Amino acid sequence: MKKSDRIIVKTPAQIAGCRLAGERAAEVLRIMCDAVRPGVSTKALDDLAFDTMAALGCKSADYGYYGYPGQTCISVNEAVIHGVPSEKVVIRDGDLVSIDITVECGGFVGDNARTVIVGEGSREKRDFVAWTEEALKAGIAAARAGNRVGDISHAVELVAGRHRLGIVREYVGHGCGLSIHEGPEIPNYGAPHQGPVLREGMVICIEPMLTLGSRRIRTLKDGWTVVTADGSLACHSEQMVAITASGPAEILTPR
Ligand code: MF3
Ligand code: CO
Ligand code: CO
């Protein structure tokens, strides 16, 4: 589901635009995560996102994208990604809630996501969330000029594999910034030293989508919400980063 496969090397001015959009996306995500509590519906959270984006001078880049009906994606428990906000989905204690925020701001797009546990959760859920963050961090660490996309993919896969997590393959990370989905595709598995070379000025979203069971998924009848086929729990974490000339990537969606 990509508008363009083109890999866009951004100018410093374009990176600045992405940075602002990224900061806004991160701010909305933070406010959304803080608002997650038992009894609140995912629709109520989505309404909060609408108001928050308006107050920050940006708007949802998800809304209307291929007809997407929400402002945000909120995926609970066995839902992996693209959870359509609904009055019928009410958050309960112990839930794993994945929130994915994509904003458009001044002509640029910021995209980030994370999974939070409602309340304390179980040891297993806490580990799962931490391992997903570890996988994301490993991917970001590999996002350096001169490395290839496969180095990111492999780094994510190694961490997920070490913890015996399922890796969703049908959806991937992506270039971002001028539109939601640009090239290159960034799978969460793959061989090192393969794929497009990363260059200074590329802006990419790295986003492991992991499960506690099978990697198989299916899509609900709403046409969007992607859930694990076996009903196992899923985690999703995403950051948008800019490749720098040397050294680590710049995180455009700071937490
Ligand atoms: N934020 C998603 C991503 O990380 C894109 C969601 S598109 C939507 O790629 F249409 F589902 F909202
Ligand atoms: Co996203
Ligand atoms: Co993304």
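## A tour from ligand 1 to the aromatic pairs

Start by selecting ligand 1 in this predicted model: 14 residues surround ligand 1, and Asp100, Thr102, Asp111, His181 and Glu207 come nearest. Colour that shell by residue character and you will find five nonpolar, four polar and five charged residues.

Next, show the side chains that make polar contacts. Pick Asp100, where an N or O atom of the side chain is 3.0 Å from a nitrogen atom of ligand 1. Then move to Asp111, which places a polar side-chain atom 3.0 Å from an oxygen atom of the ligand. His174 also has a polar side-chain atom by a ligand oxygen, this time at 3.2 Å. Now switch on the surface: the protein covers 98% of the 340 Å² of accessible area that ligand 1 has on its own.

Leave the ligand and look for aromatic pairs; there are two. Select Tyr65 and Tyr66 for an edge-to-face pair, with 4.8 Å from centre to centre and 90 degrees between the planes. Tyr65 is buried, at a relative accessible area of 8%.

For the other pair, select Tyr68 and Trp224. Their ring centres are 4.9 Å apart and their planes stand at 85 degrees, so this pair is edge-to-face too. Trace the chain from each ring: Tyr68 sits in the loop between β1 (59-60) and β2 (73-76), while Trp224 sits in the loop between β11 (217-219) and β12 (226-228), so the pair ties together parts that are 156 residues apart in sequence. Both Tyr68 and Trp224 are buried.

One last stop: select Arg169 and Tyr189. Here Arg169 lies over the face of the Tyr189 ring, 4.0 Å from the ring centre.

Conventions:
Residues numbered from 1 in each chain as written. Chains lettered and ligands numbered in written order. Predicted model: local features only at pLDDT ≥ 70, side-chain atom pairs only at ≥ 80, totals over all residues. Heavy atoms only, no water. Near = heavy atom within 4 Å. Polar contact = N/O pair within 3.5 Å; in protein donor to acceptor, adjacent residues only side chain to side chain. Areas by Shrake-Rupley, 256 points an atom, 1.4 Å probe, with all protein chains shown as cover. Nonpolar A, V, L, I, M, F, W, Y, C, P; charged D, E, K, R; others polar. Phe/Tyr/Trp six-rings, centres within 6.5 Å; stacked < 30°, edge-to-face > 60°. Buried < 20%, exposed > 50% of the residue type's maximum accessible area, 1.4 Å probe, protein only. Helix = DSSP H or I, 4+ residues; strand = E, 2+ residues; numbered from the N terminus. Lys NZ or Arg CZ within 6 Å of the ring centre and 35° of its normal.
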